[in-house]
Amino acid sequence: RAKALGGNHFRFYNPSLDAQSLEALRMEGALQRALQRNEFEVLYQPLVAVDGGAIAGVEALLRWKRDTGTLLPHDFLALAEETGLIVPIGEWVLATVLAQQAAWRAAGLPRLRVSVNLSARQFHDQDLAAQVARLAREAGCELPCLGLEVAESVLAQDAPGTLDTMRKLAAMGVLLSIDDFGSGYSSLANLRRFPIHSLKVDRSFVSDITSDRDDAQIVKAVIALAHSLKLLVVAEGVENEAQVAVLREQGCDLMQGYYHSAPMTASQFEALLRRGAHEAAAA
Ligand code: C2E
Ligand code: MG
Ligand code: MG
Ligand code: MG
């Protein structure tokens, strides 16, 4: 390996480092084959109204199922982003979600907005809007009820073409959310400049909302800011009733988290929707 670096590079043989880079290479190869092998799965986690608990939307969350177990985005997204594999993987996620939405609609289930997470590379792709339109057509989902989530840090990069992409998406009825809000450094001006629909308050603020006064104040301020800009607020990572009570008092619109439901398979989510439809019909 030292030789492969060529020229004047000289490296001491380091068995642990080599094992590490070997593992990275293996992982990259496996990630490359994962699409063909159909190893990815999209899980769905409902967004529910803080007031009343109705399901108001759902977020698509990617999983990689290997023989050795299921990997979370944290385990492979950085590699996918570095290698560019996120492009075909991201396209697969969008296609899967749109096909799922068409199937749910054909089955007569209520129309629900599905939100898909985008990495920096996907979001900065000049062809994103055209790609979404094409995938929706191909999935037989002419009027996609889609949301896209980008992390605050991605928006803050303020890359050329961002505003143009966002406008095109908004014109197609695709709603944009700023994910992990509060964890990055987006300027407040961005919130006005871009056609944004909602802010998702980062889980790190929500988790201690009942015990940490600063966190509670921050969430309260984010909700006030969002509402003054006519944006919806979603609290991420809501795990217990006490957090729900604070969020309700603060006027938060939607919430998402283990308290209501962990991410689940498409068929589990469909069953949940059917139960909800029955309850609504019975009420
Ligand atoms: P995110 O978009 O902020 O998604 C929320 C994360 O919080 C998810 O982690 C979800 O499983 C987790 N979560 C939900 N409720 C709770 C809770 O009550 N407590 C705790 N502790 N966690 C909760 P996950 O599924 O591991 O995804 C992590 C991140 O990976 C996502 O963060 C998103 O940024 C990214 N991601 C997920 N799917 C995709 C995808 O298809 N494409 C891209 N580019 N990124 C994705
Ligand atoms: Mg998200
Ligand atoms: Mg988030
Ligand atoms: Mg997060």
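Let's start at Asp-180, which counts as partly exposed because its relative accessibility is 26%. Its neighbour in the chain, Asp-179, counts as buried, with a relative accessibility of 8%. Keep in mind as you look around that this is a predicted model.

Both residues belong to a metal site. The magnesium ion (ligand 3) takes its donors from Asp-179 (OD), Asp-180 (OD) and Glu-236 (OE), at 1.6 to 2.3 Å. Along the sequence, these donor residues are spaced D-D-x55-E.

Now follow Asp-179 to the other metal. Asp-179 coordinates both the magnesium ion (ligand 3) and the magnesium ion (ligand 2), and the two ions are 3.9 Å apart. The coordination of the magnesium ion (ligand 2) comes from Glu-59 (OE), Asn-117 (OD1), Glu-149 (OE) and Asp-179 (OD), at distances of 2.0 to 2.2 Å. The spacing of these donors along the chain reads E-x57-N-x31-E-x29-D. Glu-149 sits in strand 5 (residues 146–151) and Asp-179 in strand 6 (residues 175–181), so this pair ties together parts that are 30 residues apart in sequence. Both Glu-149 and Asp-179 are buried.

From the metals, let's move to the strands, beginning with strand 2. Strand 2 (residues 55–66) pairs with strand 1 (residues 40–49) in the antiparallel sense, over nine bridges. Within this pairing, Ile-55 of strand 2 stands opposite Val-48. The two strands form a hairpin with five residues between them, and Gly-52 in the turn has a positive phi of about 100°.

Strand 2 has further partners. It runs parallel to strand 4 (residues 114–118), to which three bridges join it, and here Ala-60 has Val-116 of strand 4 as its bridge partner. Three bridges also join strand 2 to strand 3 (residues 69–71), this time in an antiparallel arrangement. There, Arg-66 is placed opposite Gly-69 of strand 3, and a hairpin of two residues links strand 2 to strand 3.

Our last stop is a pair of helices. Helix 5 (residues 128–138) packs against helix 7 (residues 162–171) at an angle of about 25°, and their axes are 8 Å apart. Angles under 35 degrees count as roughly parallel, and that makes helix 5 roughly parallel to helix 7. On the helix 5 side, the contact is made by Leu-128, Ala-129 and Val-132, while helix 7 contributes Thr-165, Lys-168 and Leu-169. Sorted by class, the contact of helix 5 with helix 7 has four nonpolar, one polar and one charged residues.

Conventions:
Residues numbered from 1 in each chain as written. Chains lettered and ligands numbered in written order. Predicted model: local features only at pLDDT ≥ 70, side-chain atom pairs only at ≥ 80, totals over all residues. Heavy atoms only, no water. Donors = N, O, S within 2.8 Å, 3.2 Å for Na, K, Ca; no water. Helix = DSSP H or I, 4+ residues; strand = E, 2+ residues; numbered from the N terminus. Buried < 20%, exposed > 50% of the residue type's maximum accessible area, 1.4 Å probe, protein only. Axes fitted to C-alpha atoms, helices over the stretch in contact; angles between N-to-C directions. Parallel < 35°, antiparallel > 145°, perpendicular 65-115°, else oblique. Contact = heavy atoms within 4.5 Å. Nonpolar A, V, L, I, M, F, W, Y, C, P; charged D, E, K, R; others polar. Pairing = 2+ DSSP bridges.
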